[in-house]
Amino acid sequence: KETIRIAIDGPSGAGKSTIARAVAEKLGYDYIDTGAMYRAVGYKMNQQGVSIEEEEKLKAMLEETEIDYRSGVIYLDGADVSSKIRTPEVSMAASACAASPAVRTKLVEEQRAIGHKTNVVMDGRDIGTNVFTDAQYKFFLTATAEERAHRRCRELQEKGQEVNFSDTLKDIEQRDYNDSHRALNPLCKAEDAIEVDSTHLTINETINKIYEYITN
Ligand code: C5P
């Protein structure tokens, strides 16, 4: 039986995971956060001191790496690393490792296997353009870099972390640049994706807009 695959792509901090999780819940589908998978790999590379230039070392590491995403929890080699991967260092490491063909091949293969097993809402950068080019629904969720930086600052503040707006904005702009300029599966809107600009929308408005596209 064919599964339903809903792709939600867009730049860092556009609210993809919040929106995708809520849409998945409303539909009764699984939510898959592919960014968390890249983060887990970036985290492990930092831990083991492996850089993307060291191709052989990286490949060897990947062969012994098990990434599992279940019910909102990301497992790296069996251990829950969900909170460890939400740091600025791991954000940068994830963005760097996402340029590696070896990393992408492994993670994309896993993402496809998941989406062919069960109905999913999957968020990332290349879901509509690469992982599931035949997804039944594709959305491209955006917001201005400033608005995304404000949201990220608020989020970190709520967790009690110290924040600096201009550093956060620079981080976001750097990741936008990395994500849209890499050679392999760069971030870009699929031709057949529906663009949703959330700059002036609340979370609920954004969720409803996407939900209505799917159910109408
Ligand atoms: O979405 P999130 O910020 O958690 O993703 C972390 C990093 O993983 C991004 O900066 C991006 O470079 C990479 N990524 C990717 N392809 C995806 C999802 C994430 O390249 N499908």
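Colleague: Before we look around, what does it take to call a pair of side chains a salt bridge?

Modeller: A salt bridge is a side-chain nitrogen of Lys or Arg within 4 Å of a carboxyl oxygen of Asp or Glu. Keep in mind that this model is predicted. Lysine 16 makes a good test: the nearest side chain of opposite charge, aspartate 123, is 5.8 Å away, so with a cut-off of 4 Å no salt bridge is counted.

Colleague: Is lysine 16 buried or exposed, and where does lysine 16 lie?

Modeller: Lysine 16 is buried, and its place is in helix α1, residues 16-27. A polar atom of its side chain does have a partner, though: the backbone oxygen of proline 11, at 2.9 Å.

Colleague: Now the ligand. How many residues surround it?

Modeller: The shell has 16 residues, and the closest are Arg39, Arg104, Asp126, Arg175 and Asp179. By type, eight are charged, four polar and four nonpolar.

Colleague: Which helices each supply at least two residues of that shell?

Modeller: Look at α2 (34-48), α4 (88-97) and α8 (165-181). The largest share, four residues, comes from α2.

Colleague: Which polar side-chain atoms should I find beside oxygen atoms of the ligand?

Modeller: Try arginine 104, with a polar side-chain atom 2.8 Å from a ligand oxygen, and arginine 182, where the distance to a ligand oxygen is 3.0 Å. For a ligand nitrogen, go to threonine 34: an N or O atom of its side chain is 3.0 Å away.

Colleague: And how much of the ligand does the protein bury?

Modeller: Taken alone, the ligand exposes 450 Å², and the protein buries 96% of that.

Note on methods
Residues are numbered from 1 along each chain as its sequence is written. This is a predicted model: local features need pLDDT of at least 70, side-chain atom pairs count only at pLDDT 80 or more; totals for chains, interfaces and linings use all residues. Side-chain values use heavy atoms; hydrogens and water are left out. A residue is near a molecule or strand if one of its heavy atoms lies within 4 Å of it. A polar contact is a pair of N or O atoms within 3.5 Å; within protein, one must be able to donate a hydrogen and the other to accept it, and residues adjacent in sequence count only if both atoms are side-chain atoms. Accessible areas come from the Shrake-Rupley method with a 1.4 Å probe; for residues, only the protein chains shown count as cover. Ala, Val, Leu, Ile, Met, Phe, Trp, Tyr, Cys and Pro count as nonpolar, Asp, Glu, Lys and Arg as charged, and the others, Gly among them, as polar. Buried means under 20% relative accessible area, exposed over 50%, partly exposed in between (1.4 Å probe, protein chains only). Lys and Arg count as positive and Asp and Glu as negative; His and the chain ends are not counted.
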